[in-house]
Amino acid sequence: MYTKATQLKDIFEAAAYPLSSDDEKFLTEVCQFSEAAHADQKRKSGEPYITHSLNVAKILAEIGMDEKTIAAGLLHDVPEDTAVTLEEVAEKFGEEVAYLVDGVTKLGKIKLRGSKEEYYLENLRKMFMAMAQDIRVVIIKLADRLHNMRTLEHLPPEKQARIARETMEIYAPIANRLGIGEIKGELEDTCFMYLDPEHYEETKRLQETYLHEGQAYMERIVSLFSKTLKDAKIQVIDMQGRTKDLYRLYQKLKNHDMNINRVYDLVAIRIVVPEIADCYEALGIIHREYRPMVGRIKDYISLPKPNGYQSLHTTIFGPEGRIIEVQIRTQKMHDEAEYGIAAHWMYTERERPGWRSFFQRPKAAALKGARPKELTWVSQLKEWQKEIGRDDKEFIEGLKIEFFKNHIFAFTPKGDIIDLPEEATPIDFAYAIHSEIGHRAMGAKADGKMVPLDYHIQNAQVIEILTSKEKKKPSRDWLNFVKTSSAKSHIRRELRNSEFQK
Ligand code: MN
């Protein structure tokens, strides 16, 4: 049952990135502060509100975030939902923590222009990245959403559906892009359960029936593979067997008339070896023993996926002719790519569906001492942010987020988002809102300061257009600097019209 002490202790124990005793002292203070602020609030489940903050913080600790991010997780709902202000948070716990909390609060407040659903979703997805001038803000938001999904049963059904749809369409893809596969899988499976309960149950039943004897089969494969690789003198660090995440499995089943016997990678074996050379060698040995399926060999070591994922994949005809997917990778790839920053998860005793280790797990304590440097995802992120400050464009490029390239996102004073090409000007912005605002534009402010009309809008700026009360025609000069074709054509048409009227 809920006790604060246990929960805070849980956070410290769960931390993939070791926390010093100073960090622990700091987080204890933060937690007391947050608990006092939320004192009279309860979750829909009836639990004290702080349970939510603690759980969000715990998820952040588990995926290896630093103490400031964990602190912001504990405080993330404080300015929005309590009488405590952001200034007080800054005063007590520093600017950086306050900055993160503010980012999460702002992210929750963004309004979206337009009512069409696809437009809304696309905008939200882009906005999410645009607003996230610090990636940690997005990660806190993901942790927040994950805990809200885990406790969604306490909300009324319409709310459940809306939140699950939004999670499936926005949060899960972002988790995927960030390489946090564990969060993505859990978000998708939970959403699936709420959005399509019938197929969820059917998929679960199919998987259970199929795997009834599957577990024993998987164990047999693991011992066969172990012997084969051992004979070839390849050291195996770990071998895991997996059944597919339910939502991913359902996607495949849909393409095969819900016939589970036609899904190839239902059973997957993952082999972790020390070096890259061992990966290729192990692949060769497996192929010598078991016939590979043509066209199913994928080398994501030479050609990593856009989110950085690396592994060798192959599909083979295993014993009894059953089809097995095999994934081979190094420990480092395993920690980074599959678990993103969530490298820790595979070592915890937490019961998780899916992958199950057939080898002894290293003790968490041993891991803590030995491994922090290898959580490169986090350190790389920190490096990027140090190097580039909070410049979105370079930052996003670093994350290889394609859709964000050559785009900027500006905001109206009311928080609506306007999607613009790079080097777009206030005139482009004005026409993107409404042609009449474009025609009447006289001046502009960016983040509250006056800027010229040919100013290049920066990402995530708030742009205010000053308009003339009287009817006014656009200036021909504008054609020299506007970037969007829609602004150009509006200006040309209006100039032509006003000439005719003379
Ligand atoms: Mn929250």
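D77 and D144 are both buried in this predicted model, and they make a good place to start. Each of the two supplies an OD donor to the manganese ion, alongside H52 and H76, which both contribute NE2. These protein donors lie 2.2 to 2.3 Å from the metal. Read along the chain, the donors follow the pattern H-x23-H-D-x66-D. The two aspartates bring distant parts of the chain together: D77 sits in the loop between α4 (67-75) and α5 (78-81), while D144 belongs to helix α9 (residues 135-150), 67 residues apart.

Now let us move on to strand β2, which covers residues 267-273. How many of the residues of this strand are buried? Seven of the seven are, so β2 is largely enclosed by the rest of the structure. It helps to recall that side chains in a regular strand alternate between the two faces of the sheet. On one side of β2 you will find V267, I269, I271 and V273, and on the other A268, R270 and V272; both faces are covered, with all of these residues buried.

Which strand does β2 pair with? Its partner is β5 (residues 323-330), which runs parallel to β2 and is joined to it by six bridges. If you would like one pair to look up, I271 has I328 of β5 as its bridge partner.

Finally, take a look at helix α15, residues 276-289. Its 14 residues should span 20 Å at 1.5 Å a residue, and the end C-alpha atoms are 21 Å apart, so the two values agree. The buried residues in α15 include D278, C279, A282 and L283, along with I285, I286 and H287.

Note on methods:
Residues are numbered from 1 along each chain as its sequence is written. This is a predicted model: local features need pLDDT of at least 70, side-chain atom pairs count only at pLDDT 80 or more; totals for chains, interfaces and linings use all residues. Side-chain values use heavy atoms; hydrogens and water are left out. Donors are N, O and S atoms within 2.8 Å of the metal (3.2 Å for Na, K and Ca); water is not among the atoms, so sites may look incomplete. Helices (H or I, at least four residues) and strands (E, at least two) are DSSP runs, numbered from the N terminus. Buried means under 20% relative accessible area, exposed over 50%, partly exposed in between (1.4 Å probe, protein chains only). Two strands pair if DSSP finds at least two bridges between them. The expected span of a helix is 1.5 Å times one less than its number of residues.
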